[in-house]
Amino acid sequence: MSSTSLAPTTEQHAVITHPLRQHARVLAVAGSGKTTTIVLRVAHLINELGVAPGAVRVFAYNALARNELRARIEAVLPDKRDQPRVDTFHSFCFRWIKQAISTGLLAEPSEWWLDEATDRSRILMYRALQSLVGEGIIEEGAVDIDAVASAITLWKSGLVPPGAERAAHATSSDIPLVFARFEEFRLEAGALGFDDFVATVLSIAQAHPDFWQRAVGSLRVVIVDEYQDVNYGQERLVEAVAGTHADVMVVGDDDQTIYEWRGARPDYLLTRFGSGLAERPIIDYPLTVSFRFGPLLAQTAYNVIARNAVRFPKALIASQWHQSTIVDVVEDKQQTAGVLDTQLALQLQDWVRQHGAQTVVVLGRTLGQLQAFEIACLLEGIPYRVLGRGPVYQRREHQILADYLRIGYAYDVEVDAGVAACFLRIINTPMRGLARDRMQHMLIRAQQSGQTIRSALQELHTDAQTPQLTKDRIDQLMALCEQLVRLLANDSSAYDVLSWLSTTLRLDEHFVRSFGRGEAAAERTVAIRQLIAVASHLGWSPSAYLDWLVQSDHTAGHPEEQQVLFTTVYRAKGLEYDAVFIPSAVEGYMPAAGSSPEVFDRQDPTALPVASDAIEEERRLFYVAITRAKTVLTIGVPLPEAGLGRDALPSATPSRFVYEMKVRATEQILASADSDAYALAEAFAEHGASDGLLAHLVQYFPQDAEIRQVCTTFTGTRWPMRPLKPKKK
């Protein structure tokens, strides 16, 4: 149920009527109608408190949220003269940067790195890295470009300039050097990107106070949505906009802080808010009632997030006791590749037939986590699309294996353009040190003279002009190809051939060399292992695997509106769906190992607060994932006690977060509460309780004295508790 169809709750009304000359911190749980509350707060400011629309500024976190706020404000304040400006941080900064340029305070950038041009910064980072490698300052392969990009984003979000006296990295002395060189190149190019906007505006505000006073001097109220997602630079920007004259209301949920890799921290909402603002009282307003889902999902989500130590303690209550949200934990008792995914795919197919593809989302921590489920959907003909990446069959790591198979089949066939292109893709994957131009010349001669790959390699090997080191490398490549040919000739299964290739090529080491020892390499290694396990389960031959890659169509010929969305939890934050599928809740993905990059500022430690405990950050991510659901939440997990065989999923251990939900126990306790007090006492005795659950039940049954008495009796217990035999009536 949407909160827009209801009168404001008591909690919402308190926020809407918050008095002037005081700051406010609104801590809003998932689905609590915070957008409605912000809109009604704006209307109250203008209609009831007489604040001029131009004196109110609302900040949304991204363009989607900004557009929704604008539309909702227009619905309650239809006269445009009554509507305050709603900005994102970037749109606000862009407007005032352009204004500073027009007044001559800032030079016009030669390049704007906006939207489609954002890849330019990545290209420049690579150029900066390669220049340092070329000068012998950094060793080839010592620095991962993904780690560079992540660190630079964090330094810039923390307003940390380059230079040895400021930008520092706990595990790499090279990455700060790349940052410094990158900034040299960027300034030489006269480029300005999204990451530079906040720092640029803050420097303008400091250097030109009269200009800044004209820009923001009339503001009386600043409202910031999704404040748990701000970073240090954005915190400073809010303080600069508010100055000494504006009230600030921030709205967010510390339990949904999931962008720590971009510089967000719970600290900005929990402990730092108000420190840089005008001295005024700060009033806290919790919004604890969710209109999105029923009590079962509300309570199981609370069971998880309440385990975090760093959080603002608040309830999570469903607005209606009888609103049903199914929480379905689907267990794979066989722990065999493909079985669980096929079962979930059939459930997804049934849902789409009944409710349509637009009502459901498939979520993973990463897109790689969704690969096995993608394959199941492909095999079942379920149309889908992946937001942020191509479908599974287009992944480069799978194409590597496919290229080797194609060369194995074509090794003794006359070379054509397709075989030549395929061979060029594998010669240095993994790295063998074979010169590409030499290989190209060999392939051109082979096509002209009707040679095969085998004969062309033999000819190059016997050529007196070929260096001995190159001959040795050709020997290694030929030995691998000949063994591959024998495996294919013996009708080996796709499982056998792909397993052999993965081991022989040492693809796990190749990914580490290419992407560093981080999540990017690990995801690719797991992707290969998952595919091999699925190939075994399906009994593919090598040729069947190749046919699958060529013939697969994730759309199944359907338009986008009929395709199920596959995306990450990060992209789904702030959205809601009738049904949410999390097909692979396993350790290693939920939670993932590791934490945010270890960057800091030598001179200002507060600029980049220490990252949360890694498990708490991961728990927040899981909490965000499960609270996207309105009607059905489906989670797939293997069972740890299952035996591991040839088809077993690699390292498939159920996520600890699924256990923390306590779905079955909570479901039975809530069902008992709907029956009578005695049934509830029996359920407590069997399953245990928690203070949070007890407090929530009292709120669900405020008029039931017996229920209150049972809850009072069990107060102070914890999950789990020893079974107690309740007294009979």
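Analyst: Let's fix one term before we look around: helices (H or I, at least four residues) and strands (E, at least two) are DSSP runs, numbered from the N terminus. What you have is a predicted model, where local features need pLDDT of at least 70 and side-chain atom pairs count only at pLDDT 80 or more, while totals for chains, interfaces and linings use all residues. Residues are numbered from 1 along each chain as its sequence is written, and side-chain values use heavy atoms, with hydrogens and water left out.

User: Fine. How many helices and strands does the chain have, and how do I read its radius of gyration?

Analyst: There are 30 helices and 18 strands. The radius of gyration is taken over C-alpha atoms, and you hold it against the globule rule, 2.2 Å times the number of residues to the power 0.38. Here the chain comes out at 29 Å, close to the 27 Å that the rule gives for 729 residues, so it is as compact as a globular protein of that length. Along its principal axes, the C-alpha trace spans about 90 × 80 × 45 Å.

User: What share of the residues count as buried?

Analyst: Buried means under 20% relative accessible area, exposed means over 50%, and partly exposed is in between (1.4 Å probe, protein chains only). By that yardstick, 56% of the 729 residues are buried.

User: And which residues make the most contacts inside the largest nonpolar core?

Analyst: The general idea is that nonpolar side chains tend to be buried together in soluble globular proteins. A nonpolar core is a set of buried Ala, Val, Leu, Ile, Met, Phe, Trp, Tyr and Cys residues joined through side-chain atoms within 4.5 Å. The largest one in this chain has 79 residues, and Leu348, Leu405, Phe423, Tyr545, Trp548, Val564 and Phe566 have the most contacts inside it. Helix α19 (residues 468-489) supplies the largest share of this core, nine residues. Apart from it there is another core of 62 residues, including Tyr259, Met590, Val663 and Leu697.

User: Zoom in on Leu405, then. What does Leu405 touch?

Analyst: Contact means heavy atoms within 4.5 Å. Not counting residues up to four places away in sequence, Leu405 touches Leu484, Leu488, Val497, Leu498, Leu501, Pro542, Tyr545 and Leu546.

User: Where do I look to see what covers a helix, say the buried residues of α27?

Analyst: Keep the geometry in mind: an α-helix has 3.6 residues a turn, so residues three or four places apart point the same way. In α27 (residues 663-673), the buried residues are Val663, Ala665, Thr666, Ile669, Leu670, Ser672 and Ala673. Their cover includes α12 (295-305), β12 (326-332), α26 (656-661), α28 (677-687), α29 (691-700) and α30 (705-714).

User: Take Leu237: why does Leu237 count as buried?

Analyst: Because its relative accessibility is 0%. Leu237 is part of helix α10 (residues 232-242). Leaving out residues up to four places away in sequence, Leu237 touches Phe89, Phe92, Cys93, Val198, Val201, Leu202 and Trp212. Leu202 is 35 residues apart from Leu237 along the chain, yet their C-alpha atoms are separated by 6.7 Å.

User: Is Arg95, in α4, buried or partly exposed?

Analyst: Partly exposed, at 23% relative accessibility. Arg95 sits in helix α4 (residues 89-102). Leaving aside neighbours within four places in sequence, Arg95 is in contact with Arg57, Arg85 and Asp87.

User: Now the backbone. Which residues does a cis peptide bond join?

Analyst: As background, most residues other than glycine have a negative phi, and most peptide bonds are trans. Here a cis peptide bond joins Thr429 and Pro430, with omega about 0°. Pro430 lies in the loop between α16 (417-426) and α17 (436-449).

User: Where do Arg21 and Leu159 lie, and what is the phi of each?

Analyst: Arg21, with phi near 65°, lies in the loop between α1 (10-16) and β1 (23-28). Arg21 is exposed, with a relative accessible area of 53%. Leu159 has a positive phi of about 60° although it is not a glycine, and its loop runs between α6 (145-157) and β5 (167-169). Leu159 counts as partly exposed, at 22% relative accessibility.
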